[in-house]
Amino acid sequence: MARRIMRNIEGNEMLARIDLCRFGILSGEVSDPRTFKAKLEKMQEVICAPMQLAGRHYVRTASIGIAFVTPGSTPGDEVLLQAETMMLDARHRGGDRIEVLEPSVRMLKLARVKKSLRRGAPPVL
C-alpha cells in the first residue's frame, strides 16, 4: 500500500505512516484545495486498484480525511486529529470516500469526537 501511495507523492510532499493501515501526507502550500482534493481522488483510485496475491484478487477501499492549516495557527497534533476526524467521518458515511474539514463545522465535529474519546466510546460524528 505504501508503495502505491509513494508513486503519487510529489516533491514538496511527505508520506508518514501513522499505523499499519493509516498514512498521512504532509504537503507544502496548497494554493487550491479543490485541485488537491482532485489529486487525492486520483490517488484513491490507485490505492483501490485490485491487487493479486497468491493467485487471489483483493480490492481495498480508502477513506481519506483532509484538514488544512496555515503556518503557526494550529499545532501539528491538532491538525492530525482534525484529519483523522474527517477520515472517521468518511468511514461513518460508508467508506471509500474523501471528506474535507469545512471551517463552518470544524468545532462541532471535533467536539463530538473528543467527547466520545473521553468516554472511551467510538467517535460519533
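1. In this predicted model, Arg-93 and Asp-89 are joined by a salt bridge in which the closest N and O atoms lie 3.2 Å apart. The two partners are set in contrasting surroundings, for Asp-89 is buried at 1% relative accessibility, whereas Arg-93, at 46%, counts as partly exposed.

2. The pairing of Arg-93 with Asp-89 should be read together with its neighbours in the wider arrangement, since Asp-89, Arg-93, Arg-97 and Glu-99 are linked in a network of salt bridges.

3. A salt bridge also connects Lys-39 with Glu-13, and here the closest N and O atoms are 3.2 Å apart. Lys-39 belongs to helix H2, which spans residues 33-48, while Glu-13 belongs to strand S1, which spans residues 13-19, so this pair ties together parts of the chain that are 26 residues apart in sequence. Both Lys-39 and Glu-13 are buried, which means that each has a relative accessible area under 20%.

4. Arg-34 and Asp-32 likewise meet through their side chains in a salt bridge, with an N to O distance of 3.7 Å, a value that falls within the 4 Å limit used for such contacts. Arg-34 is exposed, its relative accessible area being 68%, whereas Asp-32 is partly exposed, with a relative accessible area of 27%.

5. Taken over the predicted model, the count comes to eight salt bridges, and among them are the pairs Arg-93 with Asp-89, Lys-39 with Glu-13 and Arg-34 with Asp-32.

Note on methods
Residues numbered from 1 in each chain as written. Predicted model: local features only at pLDDT ≥ 70, side-chain atom pairs only at ≥ 80, totals over all residues. Heavy atoms only, no water. Helix = DSSP H or I, 4+ residues; strand = E, 2+ residues; numbered from the N terminus. Buried < 20%, exposed > 50% of the residue type's maximum accessible area, 1.4 Å probe, protein only.
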